[in-house]
Amino acid sequence: MVFVSPIFIFIFLPLTLACYALAEFSRRKWIKNTVLLFFSLVFYSWGGLIYLLLLMFSIVVNYGLGRLLENSTHRKKILILSIIYNIGILFIFKYLNFFNNTSEEFAELAHMDLTLAVPAITLPIGISFFTFQIMSYIFDVYQNKVEVQKNILDLALYIMLFPQLIAGPIVRYIDVNREIKQRRTSLNMVHDGLIRFMIGFNKKIFLANGMGYVADTIFSEIHLVNTPHAWLGAICYALQIYMDFSSYSDMAIGLGKLFGFHFLENFNYPYISTSIKEFWRRWHISLSSWFRDYVYIPLGGNRHGKTATYRNLMIVFILTGFWHGANWTFIFWGLFHGCFLILERGKFGSLLNKLPGIAKRCYTLVVVLIGWVFFRCDSFGEAVNYIHAMFAFDFSGMQRLTVTECLTPLFWTLFVLSLIGSLPIIPKLKQAAEKNPTAACFAEMGLLGLFAYAVCYMVGADFNPFIYFRF
C-alpha cells in the first residue's frame, strides 16, 4: 500500500484516523498504541503476509536480544549476535542473488563452473529501512543511551509504525521512545500534519511524477540521446528522486503529527549545497546520520589521522551505495561520492573554498548529476555512454527521441516549479504568509484545492512509481 493510492486515501487513512480519534478520547496509552499497531500490521501486510511474518519474527528476535543486553555480562557477544542476525536477514533477501550472480561471473572468467541453485528472492518492501531502525535500537541499548523496551507491543509499534515503515525517514528509537510511552495530539498538530501531508502529496503527484516520466523516457533511449537531452534527463531524474523521496518524507512527517509523533526532518534543500560534504548534510539526513553515528564514529571517525579518516569515509560510502541496491552501479555511486569527500578534505577543498558561491554550487551540481546517472543506470556501460553524451557536444538528431513529444508547455511549467521547489523559497513565502492571516487562509485553501485535484488525477493515473520502495 502506498500513500498516493485510492485504497489509502479513501479507505485506510479515514478508518485509521477515526479509530485513533476514538482512542485519543480514552487518554490511555495502550489503547492508542494498539490501534496504531493494528493498522500498521494491515498496512504492511498489504504487500504480502509472508513478509509480515518475517518482520514480526525480527521484532521478536530483537526484543529478546534487547532484554538479554539489559543485565548480561556478555553484552558484546549479544551485540555481535544481533548484528549477524539483522545483517544476515538483509543479506539473504537483498544481496544473496547479487553475490551468487557475481560469483558465477568471476568463475566464468576463470573458466570454472560455479553454478549454485539459489532461488529468486523477492525483496520485502522497506527491508533496508526497518532493519536499520531495529539495529539503531539495539545499538542505543548497548551504549546505554536508552532503556530496554520491556513491552514487546511498544517495540513493535516503533518498528512497524506505518507512516515511516516502508520508505523512511529512518526513525531512531531514542527520538520517539518518550512519545511511544506518552503523547497527546493537539489541534495545532493535526492542522500542521494535514498541511504537511498535502504538500507532500501534491509534490509527489505533480512534480515527482512529471519529472519521472520524462527522465524514464530519456533513460530508456540511451543509445539515441544527444547532449541537450542527456542533460535534461539527468536534471529531470535529479528532480524526480528529490521530489519523490522528500514528498514521501513530507507525508510521513505529516502523518506522524496526526498521531502525536515528531519525526525529524530528512531533507534540507540539498541542491543548494556548495560542496559534496554539505550535500550529505542536507540529503537523506536520517541515513547519513545513521552511518555517521553507528559506523563512521565507531570506526574512529577523524580522530586517528588522515589515512584512517579517508579509510573510514570510503567504508561508509561503499556501505551507503550498497545499502541502496545490490548492483555495482550503486557501489560505484557510493565510491564516487566518497572520493569527492576525501578530495574536499585536502588541497582541493582549500581551492574550492576560495571560489565564488555560484561556482561552488555549479561544481556540486555537476558532481551530483553525474553520480545520479550511475545511480539510475542498470550497468556501467549504460552510465558511461550516457555521461559521454552529456559531454559530447552533440546537438544533432533533436527530433529522434520519443521524449520530444513529452516536452509540452505543461512539462516545462512543472519543470520550473520543480526547480523552485528544490530551492528554499517556499518556506520564506510561508513565513511571510503566516504574518498575514488572510494570506495564510487563501494559501491553505489553494493547497486544499490542489490536493483535491491531485487526488482526482491520482485515480486515473497509470504512472505513479516510488523510487525508494526498492531500497
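Here is a short back-and-forth on how some labels in this predicted model are earned.

Reader: Let's start on the surface. Why is Leu429 called exposed?

Author: Its relative accessible area is 53%. The label "exposed" needs over 50%, so Leu429 makes the cut with that 53%. You'll find Leu429 in helix H18.

Reader: And what makes Leu429 part of a nonpolar surface patch?

Author: A leucine counts as nonpolar here, and a patch residue must have over 30% relative accessible area. Leu429 has 53%, so it passes that area cut-off. Its partners in the patch are Val416, Leu417, Ile420, Leu423, Ile425 and Ile426, and together they make about 560 Å².

Reader: Which elements give two or more residues to that patch?

Author: Helix H17 (409–421) and helix H18 (426–434) do. H17 supplies the largest share, with 3 residues.

Reader: On to charges. How do you know that Arg184 and Glu24 form a salt bridge?

Author: The N to O distance between their side chains is 2.9 Å. The limit is 4 Å between a side-chain nitrogen of Lys or Arg and a carboxyl oxygen of Asp or Glu, so this pair qualifies. By this rule the count comes to 13 salt bridges.

Reader: What makes the pair of Arg184 and Glu24 a tie between parts that are apart in sequence?

Author: Arg184 sits in the loop between helix H7 (173–181) and helix H8 (187–219), while Glu24 is in helix H1 (residues 6–26), so the bridge ties together parts 160 residues apart in sequence.

Reader: Why is Arg184 called partly exposed, and is Glu24 buried or exposed?

Author: Arg184 comes out at 41% relative accessibility. That falls between the 20% and 50% cut-offs, so "partly exposed" is the label. Glu24 has 10%, which is under 20%, so Glu24 counts as buried.

Reader: How do you know that Asp250 and Arg196 pair up as well?

Author: Their closest N and O atoms are 2.9 Å apart, and the cut-off is 4 Å, so they form a salt bridge. Asp250 is in helix H9 and Arg196 in helix H8, with their positions 54 residues apart in the chain. Both residues also belong to a network of salt bridges with Lys203 and Glu265.

Reader: Why are Asp250 and Arg196 called buried?

Author: Asp250 has a relative accessible area of 8%, and Arg196 has 19%. The label takes anything under 20%, so both values fit it.

Reader: What makes Glu278 and Arg282 a pair within one helix?

Author: Both lie in helix H10 (residues 276–282), 4 residues apart, about one turn of the helix. Their closest N and O atoms are 2.9 Å apart, which meets the 4 Å rule for a salt bridge. Glu278 is at 12% relative accessible area, so with the cut-off at 20% it is buried. Arg282 is at 17%, so it is buried too.

Reader: Now the helices. What describes the packing of H9 and H16?

Author: Two packed helices are described by the angle between their axes and the distance between the axes. For helix H9 (residues 227–258) and helix H16 (residues 380–390), the angle is about 120 degrees and the axes are 7 Å apart. H9 passes H16 in a left-handed crossing.

Reader: Which residues of H9 and H16 meet?

Author: From H9 come Thr227, His229, Ala230, Trp231, Gly233 and Ala234, and from H16 come Tyr386, Ala389 and Met390.

Reader: Why is Ser136 called buried?

Author: Its relative accessible area is 0%, and the label needs under 20%, so Ser136 is buried. Ser136 is in helix H5 (residues 127–142). Setting aside residues up to four places away in sequence, it touches Tyr158, Val171, Arg172, Tyr173, Trp290 and Tyr294.

Reader: And what makes Arg67 partly exposed?

Author: Arg67 has 32% relative accessibility, between the cut-offs of 20% and 50%, so that label applies. Arg67 lies in helix H3 (residues 49–71). Beyond its neighbours within four places in sequence, Arg67 is in contact with Val148, Gln149 and Lys150.

Definitions and conventions:
Residues numbered from 1 in each chain as written. Predicted model: local features only at pLDDT ≥ 70, side-chain atom pairs only at ≥ 80, totals over all residues. Heavy atoms only, no water. Patch = residues over 30% accessible without salt bridge, like charges linked within 9 Å, V, L, I, M, F, W, Y side chains within 5 Å. Areas by Shrake-Rupley, 256 points an atom, 1.4 Å probe, with all protein chains shown as cover. Buried < 20%, exposed > 50% of the residue type's maximum accessible area, 1.4 Å probe, protein only. Axes fitted to C-alpha atoms, helices over the stretch in contact; angles between N-to-C directions. Left-handed = near helix turned anticlockwise from the far one by under 90°. Contact = heavy atoms within 4.5 Å.
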